[in-house]
Amino acid sequence: MTAATYFFAILFYAASALLVVGLIYKIADFARTPAPLLIPTTPAPTTTAGVVFRMFREVALFESLFKSNLWIWAFGWMFHMGLLLVLARHLRYFTEPVWTWVALIQPFGLYAGFAMGAGLAGLWARRFLVERIRYISTPSDHLMLALLLGIAATGLLMKFVMHTDIVAVKSFFLGLMRFEIQPLPEHPGLYIHLALVALLMIVFPISKLLHAPGIFFSPTRNQADNPREARHIAAWAAELDGK
Amino acid sequence: MAGPEIKAPAFREFPTIPALQPGSMAGSKSYVANEKIQEALGFPGKLDDDWQVTHDKAIAKMGDLLGKYRGLKVFMDSCVHCGACTDKCHYFIGTGDPKNMPVARQDLMRSVYRRYFTLPGKFFPSLVGAKDLTKEVLDDWYTYYWQCSECRRCSLFCPYGIDTAEVTMAGREILDHVGYGQKYSNEIIGKVHRIGNNLGLPGPALENTLEGLEEDVKEETGVDVKYPLDVHGAEVLLVTPSADFFAEPHIESLIGYGKVFHAAGISWTLSTKASEAGNFGMFIGNYDQMRKIALRIREAALELGVKRIVVGECGHAWRAAYAFWNTLTGIGAGGNDPFAIELQKQLDPNYKQPAHICEVTWDLIQQGRLKFDKSLNDHRIITFHDSCNVARASRMGDLPGGQFDIPRNIIKAVANHYVEMEASTIREKTFCCGGGGGVLTDELIDLRVKGALPRMEALKQIADHDGVNFMATICAICKAQFTKVLPYYGFNMRLVGGVHQLVSTAIKLGDEK
């Protein structure tokens, strides 16, 4: 058993714990904070079912972004959908036997890796080429793209250029899930890939990646437009009525 | 700074996005409120001499707001700097100042949020663009949070629905709490509390104005249309922006409201106490002020015993009324607490509470209770400017989008010539007039003129092509702003007017001799 095996075992336990605890903390924080006023961006749905449908369109199709800027939409949507398929494809490393639908999407997940990379490259190019976006970009915006692109590149590299022993990788992760350490193949590409993924998990709850849970709590998108029909009042605001 | 050097930007041949001109609007700063104005609202009179005290107060207030407003917290955390909003703000389009891009305006606060409220900002500030709160940063807040009209156009286009208006409101709220308020808005709020309306018209002046109005209408039409004030037991309480009482073209719409009620035989009244629909508490993001200002309407409604509450042509007032009154004052329906029930049992459940005057007029038209001679508007070729707060923060009627269709339906019912402006500048995509959200003050005229550019371009197109000579709108601020800036773009200032001005022209009062 190599030192690297122990290192990555500990890293993934730590990264998973930070991701889960961090996200639970942030989501609880979003959920706990009151929204004292109804501020949906109108025209807005008037019912909860309508809100669910609006949120679905935002999350699955990026509707507002589509209306806003087709370039960002195309690159962003390509990246996110690619990422989704790639993540789904990776479920085969964590399930035994592999679920049927995961097995079925394997060929698509492969192309998704390229779509993901292309989307990221397009988004990154905009940070250099478009003056307005260059102005608002911080070093962390660039690093986040570098991180994701690094994950995509090392993943594709292992698939097409420098193969690694994926059966051993799978037994390593299945082992982690049973709290047993199994040997991780010695492979520099794999080490970089896994280290970057762990880093992504760690920064998720403390970075702009919070847009993922954030959208579900965004009052301009998740509130129904019914202020005349129902009295909407936050606890801290209701106290004022008695005064 | 207002003077001959203020010029309108040239119309763009194509609506290209301007190149960045950093700092181009850094000198456009609205006047700071003096101690008297500040203290009347319970805010500190001025910045503390010790910067550390101001700094600590500002950060504490920010923490307070982050705990009270989910929107602010989510918006601070969620932005990914995608850039979708960067070309959506009329002030950016008109000025090219990068700090007028919505994301950059938000980042003035987000950079401070990251520094004080997030781990990466505490440990790696330069990596994530986090900044200490310094006097320079606070000055930037003041300058650029008072260059936002809270129109929410950016929120429409943000993939996470981040609403810069909410950030601007929070910024202004923090500024007020460290003694750095804006003269224009805070002085007006003081007037509402002291006198009852934004323009400071006392009761007797109001009475005189309304009597004069009755005489004018009688002279013009031969009909005794009443403009009643403080009538107990009237069915409708009309709450309208105080500009309607004397400003041009606003007063033409007030005349129109009266004619509608007269023709439909609905008893109505204005109120001295509630002689202002506007609510500048919203502009400064202060819940208490917004609530106090709104409570005047509740009190007036209870005192006068009215059955319905109707709001006149005013954009942000309609947002406050439609979206916030039920929360703030119980004016609405569905309340199950004693405070709300006290008022709601008095109001007639057969009507929407509050209702927009356009909803009232359109209902009456549909019921066939109003008759018009459309040809009386034939000298006008009309377009409609959607006001931002009506378009993106409220509704009319039962269906989403009613706020666009109902005013247009009214115009088409009372006039023969209607032309729509370019599709990307109307309905929810409408451009702000350039004067909303608390910037309708003379020292910001440069900003106001430049911010009107996208709307003026769309108007120019149909003025040249279709001969449009009347832009109807349902907002007191839009009317005042356009009256002022239209001449800068070579238009007649009288090109703007109200929807009920058109109604007023064409309506048959039923009892003409």
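**Notes on a predicted two-chain model**

1. Let's start with a single residue. F179(A) has 8 C-beta neighbours inside 10 Å, so this residue counts as exposed. As you look at it, please keep in mind that the model is predicted. F179(A) sits in the loop that runs between helix 9 (166–177) and helix 10 (188–203) of chain A. The backbone is worth a look here too: phi of F179(A) is near 60°, a positive value in a residue other than glycine.

2. Chain B offers another residue with this kind of backbone angle. D230(B) is not a glycine, yet its phi is positive, near 55°. To find D230(B), go to the loop between helix 12 (203–221) and strand 1 (236–239) of chain B. Is D230(B) buried, exposed or partly exposed? D230(B) counts as partly exposed because it has 19 C-beta neighbours inside 10 Å, while the cut-off for a buried residue is 20 or more.

3. Next, the peptide bonds. In chain A, the bond from E96(A) to P97(A) is cis, with omega near 0°. P97(A) belongs to the loop between helix 4 (70–90) and helix 5 (100–104) of chain A. In chain B, Q353(B) and P354(B) are joined by a cis peptide bond, and omega there is about -10°. P354(B) is in the loop between helix 17 (338–344) and strand 4 (355–356) of chain B.

4. Why pick out these places at all? Most residues other than glycine have a negative phi, and most peptide bonds are trans.

5. Now step back to chain A as a whole. What does its secondary structure come to? Chain A has 13 helices and 0 strands, so reading along its sequence you meet α-α-α-α-α-α-α-α-α-α-α-α-α. The C-alpha trace of chain A spans about 70 × 45 × 40 Å along its principal axes.

6. A couple of totals help to fill in the picture of chain A. Of its 243 residues, 33% count as buried. Among contacts in chain A with a separation of 6 or more, 73% are between residues 24 or more positions apart.

7. Finally, see where the chains meet. How many residues does the contact take from each chain? The contact takes 59 residues from chain A and 65 residues from chain B. On the side of chain B that touches chain A, helix 3 (residues 70–78) of chain B gives the largest share, with 6 residues. Sorted by class, that side of chain B has 30 nonpolar, 20 polar and 15 charged residues.

Methods. Residues numbered from 1 in each chain as written. Chains lettered and ligands numbered in written order. Predicted model: local features only at pLDDT ≥ 70, side-chain atom pairs only at ≥ 80, totals over all residues. Helix = DSSP H or I, 4+ residues; strand = E, 2+ residues; numbered from the N terminus. Buried ≥ 20, exposed ≤ 12 C-beta atoms within 10 Å, placed from the backbone. Contact = placed C-beta atoms within 7 Å. Nonpolar A, V, L, I, M, F, W, Y, C, P; charged D, E, K, R; others polar.
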